[in-house]
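Take a look at the chain below. We will walk through a few of its residues and one pair of helices.

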Amino acid sequence: MAASVFICLALLLFQRMPTTETFQSTLMLDMAQILLENYCFPENLVGMEEALGKVNQSGDILRVTDPQTLAAMLTTGVQGALNDPRLLVTYEPGTAPTEAMDLPPPSSETLMALIRSSIQFEILENNVGYLRIDHIFAEDVVNLIGPILVDTVWNHMVRTDALILDLRHCSGGEVSGVPFVISYFCNANPAIHIDSIYHRPSNATRDVWTLPVLLGERYEEHKDVLVLISRKTRGVAEGVAYILKHLDRSLLVGERTAGGSLDIQKFRIGPSDFFVTVPLSRSISPFTGQSWEVNGVFPCVAVKAGRALERATSILAVRNQVPRVIQKVAELLGRYTSFADQVRTLTRRVAQIARSALTSEQDLAAKLNDELQAIFEDPRLVISVTSGVPDTGEPSPAEDLPDDADSLRQIVDTVFRVEILPGNTGYLRFDMFPTELALAKLSPYIVERVWRPIKDTDNLILDLRYNVGGTSAAVPMLQSYFHDPSPPVRLYSIFNRLENSTKEFFTLPDLDGNSYGSKKGAYVLTSHHTATAAEELAYLMQSLSRATVIGEITSGTLLHTQSFHIENTKFIITIPFIDFIDNNGECWLGGGVVPDAIVLAEEALNKTKDIIMFHAKVFQLVEETGELLAVHYAIPGVAAKVGSLLVSRWRNGLYRSVVDYESLAAQLTTDLKETSGDHRFHVFSSESSPEVLDDQDGRIPSREELDHIIQALFKTEVLADNIGYLRFDMMADAETINVIVPQLLDQVWNKLVNSSVLIIDMRYNVGAYSTAVPMLCSYFFDAEPTRHLYSVFNRSSSSTLEIWTLPEVLGQRYASTKDVYILTSHITGSAAEAFTRAMKDLNRATVIGEPTTGGALSVATYRIENSNLYVSIPNQVALSAVTGKIWSVSGVEPHVTVQATEAMSVALGIIELRSKVPGVVRTAGKLVADNYAFAETGAKVAGQLAELVQGRMYNAINSELELAQRLSEDLQKLSGDQHLNVAHIPENLKDRIPGVVPMPIPPPEMFEDLIKFAFQTKVFENAIGYLRFDMFGDHELITQVSGLMRMHVWNKIAHTVALIVDLRYNIGGPTSFIPTLCSYFLDDENPVHLDTVYNRPNDTTSEIWSTPWSAGDPYGSKRELILLTSSVTAGAAEQFVFVMKRLGRALVVGELTSGGCHPPQTYHVDDTNLYLTMPTTRSSGPDGISWEGAGVAPHVEVPAATALERAKEMLRSHLHGPSPLI
């Protein structure tokens, strides 16, 4: 072990020294015993005692003559082997053993002296507390001096806004005092486990927790605490600093601490004068699982101990500035930006910045900048820290210019450099933009000396590589020279937030001298020095497609901002007060202008000359591309349109950004795809002609090669339940298939043809040859009649070829009654798409997966002029055999769209579902036949459903939801009853199945509120009562709350002279309460036959009679009763209206009711998630008249909205006249 190794090494070193008999041979073993019994890392000492014993027995006794030297060597050996500098061996002759003494309790004077020597405090500027502790008192001492400490020290500190705890000089203390210090900075509850201390002599571990009760107040958690530490901070003080740091309760400032011990003790080694100092205890942090001992505590902010207090106060000053800085930033942004919502969002977000993480102005600036960019996304908006005077961004005043013409001409000649290069190319360089005043003076001379010599050139190079910019006043004028005089062109607009105004800039109509126009070539040279107004010009020339920019990315410096100094801080916020919006509506945020051709600035001029030569050929290349499309593209009408648009884009300058064949190819590809809507176009550049591969090499493969081809192309498997699986990843041509068809039948097809269902996996098939598609499709259709799959229009030959299935194929066909599934992905292309689309169009397969790539059946490549450019053009187009329309280039849209990786599992799920569909439909039919309220109709519907199943009308179902929708449509169509319905209710919604899961009954305390809400009562003029309720309740439930009903509803209207019952919004409910409700409006002398109800499941008929009054005063049969109805009135409400109308007891006013039904019943269909709901009971009157499905016609038909007023009017007339209502 490590310990035994270090002792042996030490002894080997010692045995070379002179031997003496001064030292006892037991010295080493005695020291080992002390370490084994007391050292706080016993696991590092395993085997040490035995190793020392062997060394002593070997006779190699220590030969060191000087005891001090021996002590130093032992110290070196122990510390080195255990990597613990706290272990110390000393020689102290004449030292007497110390004995414990019983001391009397200290006096108050002694305690005050102790406090004064160990604790100092003061209140610093900005109400910052400073507390220096040089000794951590033990628990018993704290109990003695606690009241004094609180009264004389802590009560002053607890009122401060922040606290600096100085432990730089604290090198001693007791472990028992740690919880007291820590607890003052934590909440009382919950208690926090702050340390675990292992004590070796007792071999026990004690957990240390914060204290629930303290003398005095705790330091509030939101206040900052900074702890100062140094190399002299040792022992218990290190534990305090470490705990506060990892509680995130303080920031440590200063130096790495000493790495001392919680508890250290000196032991005499046997009877000698040698002593060994041993750490008895060790701290195990519950936060980190580690200890601060030996390694020390690392500061959060490293600084020399002498400067720690200064740095701590500066950190607190920064944190103290946070609210003021945030408030000022918000004020400035609110004043100078137009985004008030974002400002509020920023205020909320920056208010959440953790003050404890801020250690400098730079920290705060960085965090604020992160939030600013996250919200505003404007790189011009920035907060910086500076000690100097900020630059406000104001432009410098205009320079003074002379007035005489000769001097002004000389200035122009100095500032502008003009040259005519070979090829009639003009060259203009100037290195600074003039101010508005200077421009006004110089303008005539600029036209004379600069513009006139270059205006008639064929191309113009504008060199801004050395132009550092200036004000933007000259930009619109200079830009105007590069456009036609009319019509005016909108250049850009400026929104000035300081003035809250928008100004639009157009080309200027009246220029000094002729404009350069918009047709000739313009080339702008840039470098990383190009800045401000020069960048604006370069940006505009590029964004308006007026020039080609060549060189380096510009500096990204705009004069669109203003800087504001936040008072009494070092912070400066730079706010963009101008939004530069170009002609395309894009807001330019001032990033550098990216050239069309990026080259070094010194190479830009030569590169420009090459580009000018290249641009001379671009129009011919663009025009030729359009002509090739006109001849070869499969859709002639689109080809003509695209060719015209290409030429138009060139004329509008949209090809000025191309600088070589590669960029022209990319631009042409983009334009062809955008203008045609066909993604299959591709233009590319090649130094050599693309290789054209022969379709066939004319050689018949050998038997071994055929086997290899089949194994490479096809994968087959028969899955459980006789499900066939076929995967092939390339479409071979027809000739190859004809050659390998015998082996193909034997090794592939014959394994699958007798499967019950077939899955064809085309997810990895990128296509190739389409000639074999008819043969492949033919295996899935009957021989006769042959089927038209699709037609192919070939533009090159202007012919149309119809593709049909073959009347004869080798081998057995796949029965047309068996289901086929095709799996697709986004890479399924070309001929694989043709097969998939044909199978889908003819309803022969279910397609599952992702939309296919939308490839072409045939693409030909043509050279553009005699250049290095080539264009790939789809020259064939497929037409649907069903619609006659061109197949979409967007690919085949699956019946079931899922991720390609999920397609196989989804297909297997659909196969399983379809195997159950016939049984599910028959079950639904039987449920209808056995339970539908109209028995004859139910039997008829069941029979017709069976016929639909037999006719394969349910064979294409892809999900239970689709099955539910289809069943509902058929049931309602066959029965003529909209109340027959099938719902798909997933497993997670099974608690909401109507008619199966009972509705929860509210607790009794809620009934009163529910009644008040559900029933509306009023008494109109002339004592006309009004009652509205929108749903019928269950009789048993209403009986339970009859007292509340009587109190809150019936008693309010029972004594009116007439009553209006409003059922316009009543959607029905249970019918069990109808007899009771009807009885209130009848006399109690003789029971009245209300209705007869037939129950289909029980095949029984029940008569419904009025009942004796159970509670409350009856309304009787003498007073007038009007029922209001609408097209919404349904179910139980309709039955009530029907009965009361038939009995002649009420006048019905409003609209024909909905024609609902008695409350339907819900049935679970087999082991699916389908639930069939249907009416199982119906009214069966002697006259054969029913309200179900037909509704109840009112006596007085009026719109529902006016029914109440009409009823009130009728009652008023009746009450003042002799005629009855009915």
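Helices and strands here are DSSP runs, numbered from the N terminus; a helix has at least four residues and a strand at least two. The model is predicted.

Start with Arg465. This residue sits in the loop between strand E16 (459-463) and helix H14 (475-480). Is Arg465 buried or exposed? Its relative accessibility is 6%. Buried means under 20%, so Arg465 counts as buried. Its side chain makes a polar contact with the side chain of Asp463, at 2.7 Å. Setting aside residues up to four places away in sequence, Arg465 touches Tyr427 and a set of others. Among them are Leu525, Thr526, Ser527, His529 and Thr530. Ala601, Glu602, Ala604 and Leu605 are also touched by Arg465.

Now turn to two helices. H12 covers residues 405-415, and H13 covers residues 436-454. Their axes come within 9 Å and cross at roughly 60°. That angle makes H12 oblique to H13. The crossing is right-handed. Which residues make the contact? H12 supplies Ala405, Leu408, Arg409, Ile411, Val412 and Asp413. H13 supplies Lys441, Leu442, Tyr445, Ile446, Glu448, Arg449 and Val450. Of the residues in this contact, eight are nonpolar and five are charged, with no polar ones.

Next, move along the chain to strand E32, residues 820-824. Tyr821 lies in this strand. Its relative accessibility is 1%, so Tyr821 counts as buried. Two polar contacts involve its side chain. One is with the side chain of Asp819, at 3.4 Å. Another is with the side chain of Arg914, at 3.1 Å. Arg914 is also listed among the residues that Tyr821 touches, not counting those up to four places away in sequence. That list includes Val757, Leu758, Ile759 and Ile760. It also includes Thr846, Ile848, Ile910 and Ile911. Tyr779 offers a distance to gauge by: Tyr821 and Tyr779 are 42 residues apart in sequence and 14 Å apart in space, C-alpha to C-alpha.

Finish with Ser825. This residue is in the loop between E32 and helix H22 (830-841). Its relative accessible area is 4%, so Ser825 is buried. What lies 2.4 Å from a polar atom of the Ser825 side chain? The backbone oxygen of Arg763 does. Arg763 is also one of the residues in contact with Ser825, leaving aside neighbours within four places in sequence. The others are Glu850, Pro851, Thr852, Thr853 and Ala900.

Technical notes
Residues are numbered from 1 along each chain as its sequence is written. This is a predicted model: local features need pLDDT of at least 70, side-chain atom pairs count only at pLDDT 80 or more; totals for chains, interfaces and linings use all residues. Side-chain values use heavy atoms; hydrogens and water are left out. Buried means under 20% relative accessible area, exposed over 50%, partly exposed in between (1.4 Å probe, protein chains only). Contact means heavy atoms within 4.5 Å. A polar contact is a pair of N or O atoms within 3.5 Å; within protein, one must be able to donate a hydrogen and the other to accept it, and residues adjacent in sequence count only if both atoms are side-chain atoms. Axes are lines fitted to C-alpha atoms, for helices over the stretch in contact, and angles run from 0 to 180 degrees between N-to-C directions. Angles under 35 degrees count as roughly parallel, over 145 as roughly antiparallel, 65 to 115 as roughly perpendicular and the rest as oblique. A crossing is left-handed if the near helix is turned anticlockwise from the far one by less than a right angle, and right-handed if clockwise. Ala, Val, Leu, Ile, Met, Phe, Trp, Tyr, Cys and Pro count as nonpolar, Asp, Glu, Lys and Arg as charged, and the others, Gly among them, as polar.
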